[in-house]
Amino acid sequence: MGKPTGFLEYERKNGKAEAPLSRIRHFHEFHSSLSEEQQRKQGARCMECGVPFCQSGMILGGMVSGCPLNNLVPEWNDLVYNGNWSQAYNRLKKTNSFPEFTSRVCPAPCEAACTCGLNGDPVSIKENEHAIIERAYETGKAGPRPPKLRTDKKIAVIGSGPAGLAAADQLNKRGHNVTVFEREDRAGGLLMYGIPNMKLEKQVIDRKINVMKAEGVAFVTGADVGRGYKANKIRREFDCVILACGASNPRDIQVPGRDAEGIYFAVDFLKSTTKSLLNSNLEDGNYISAKDKHVIVIGGGDTGNDCVGTSIRHGCASVTQLEMMPKLPDHRAENNTWPEWPKVCKTDYGQEEAIAVFGHDPRIYQTTVKEFIKDESGKVCKAVLINLAPQKNEETGRMTMVPVEGSEKEIPADLVLIAAGFLGAQSYVADAFGVELNGRTNVATETGSYATNIQNIFTAGDMHRGQSLVVWAIHEGREVAKQVDKSLMGYTNLA
């Protein structure tokens with residue numbers, strides 16, 4: 001602990017965000033970095049607790065508290081304070097395969113569990129992580145480091161999202177020959193096409209992919225395994241297969257008028273924008289446009305917020321975000337004590353931008369769509385909304401949200417984006433490899449294991465655990481790599 005009184009002397013500080021009315025003019029990341037002096041002061045704020053909850057990764061109250069990767073947060077905070085950036089990078093990379101991703105898109109459960117946050121503001125851990133990894137790239141520390149020795153083992157990873165990439169990265173470092181198969185035209189999976197550029201610029205992904213290629217990982221894009229690309233061919237050519245295809249089935253909403261033109265899943269909307277941006281800076285027009293349209297986003301989570309921010313950048317006429325559940329409190333409730341994840345209302349970047357543009361929060365709570373109304377050409381033109389109220393189920397004792405009769409109202413809707421989450425693995429991939437699914441339509445394994453019912457076929461990430469955080473996907477990718485390595489070599493020395 002380099003500065004015992006740091007948490008008393010220095011206030012929490014993060015890099016400034018570009019003003020909403022300015023940043024909506026582009027699709028770039030919009031947070032600036034702190035100066036080195038300021039960054040070191042943020043490292044000094046770490047108390048280096050006797051029990052560092054920030055790195056615990058415990059499940060409390062059904063939600064994670066602390067980092068699922070067990071990042072050595074107090075160690076690299078202290079190293080940042082002392083200006084030892086090289087060793088800070090070494091300690092960060094010991095547990096985290098992709099700090100360039102998590103420092104941008106992770107909701108930072110480490111900060112929610114920080115002891116400084118019990119009676120004040122938590123340490124800006126995410127900011128420090130970002131500074132470490134970006135400095136490592138600037139100084140060449142994060143460049144390619146191919147393994148010095150190779151085994152004769154060949155491993156196929158199906159899916160290039162965070163779980164697949166983490167598994168590939170670890171197994172390649174072990175010296176195995178790894179090939180990653182991706183059905184899209186670019187590697188990155190969820191990171192590439194599920195997260196907008198404003199949160200994660202795509203050159204950041206390409207930068208890491210190029211490092212992995214230089215280290216010996218092979219990538220095959222445009223390979224839709226289970227459809228155009230034969231699963232049996234992969235099984236013949238590789239010693240082990242890791243299925244890391246994500247939870248790719250979007251949850252639908254079934255109401256009258258659902259077949260109207262102009263209703264899309266959020267992932268298709270976001271993907272079309274990102275692909276058009278990368279191909280032509282939107283000049284090709286090959287994307288679902290929200291320009292001059294009244295947009296309804298169904299879903300109050302991160303993906304819904306991304307749809308709000310993207311629609312505003314398109315130039316929408318209005319945007320309304322529907323949330324089925326009641327608004328969370330602005331401050332922790334008494335039964336939501338530290339270090340549990342704080343169940344509080346968060347206003348994210350898209351909502352901030354909607355407030356700046358339209359003068360009000362786009363979210364409407366305890367509301368859903370009862371019906372979509374079409375015009376004469378079959379396009380959606382209005383939505384009938386209905387309020388919801390919590391009601392206790394007498395049989396199960398659980399609270400459910402039920403419609404309030406007589407609360408219906410119509411609002412204009414030219415574009416509807418369904419951001420209601422995802423439901424398990426896509427069956428055609430599972431069927432192609434003969435792996436079993438569980439009751440939640442995720443690939444089934446025994447508790448604590450990543451091995452499927454088929455020998456030498458493993459699974460990880462959202463395809464295994466269901467829709468979750470990027471940091472959990474990286475955790476699963478690293479864990480499945482250990483099991484694959486042990487199955488091939490009889491032991492593993494992967495961390």
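Which strands does helix 13 lie across, and at about what angle does helix 13 run to strand 7?

1. Helix 13 (residues 266–280) lies across strand 7 and strand 15 (415–418), and runs at about 85° to strand 7. Axes here are lines fitted to C-alpha atoms, for helices over the stretch in contact (heavy atoms within 4.5 Å), with angles from 0 to 180 degrees between N-to-C directions; helices (H or I, at least four residues) and strands (E, at least two) are DSSP runs numbered from the N terminus.

2. This is a predicted model, in which local features need pLDDT of at least 70 and side-chain atom pairs count only at pLDDT 80 or more, while totals for chains, interfaces and linings use all residues. Residues are numbered from 1 along each chain as its sequence is written, and side-chain values use heavy atoms, leaving out hydrogens and water.

3. An open sheet of five strands follows the order 7-15-8-9-10 with parallel pairing, where two strands pair if DSSP finds at least two bridges between them. Strand 7 (263–265) and strand 10 (363–365) are the edge strands, each pairing on one side only, and the twist averages 20° from one strand to the next. Strand 8 (residues 294–298) pairs with strand 9 over five bridges, and Ile296 has Thr320 in strand 9 as its bridge partner.

4. The charged end of Arg207 sits over the ring of Tyr137, 3.6 Å from its centre, and Arg227 lies over the face of Tyr428, at 3.7 Å from the ring centre; the criterion is NZ of Lys or CZ of Arg within 6 Å of the ring centre and within 35 degrees of the ring normal.
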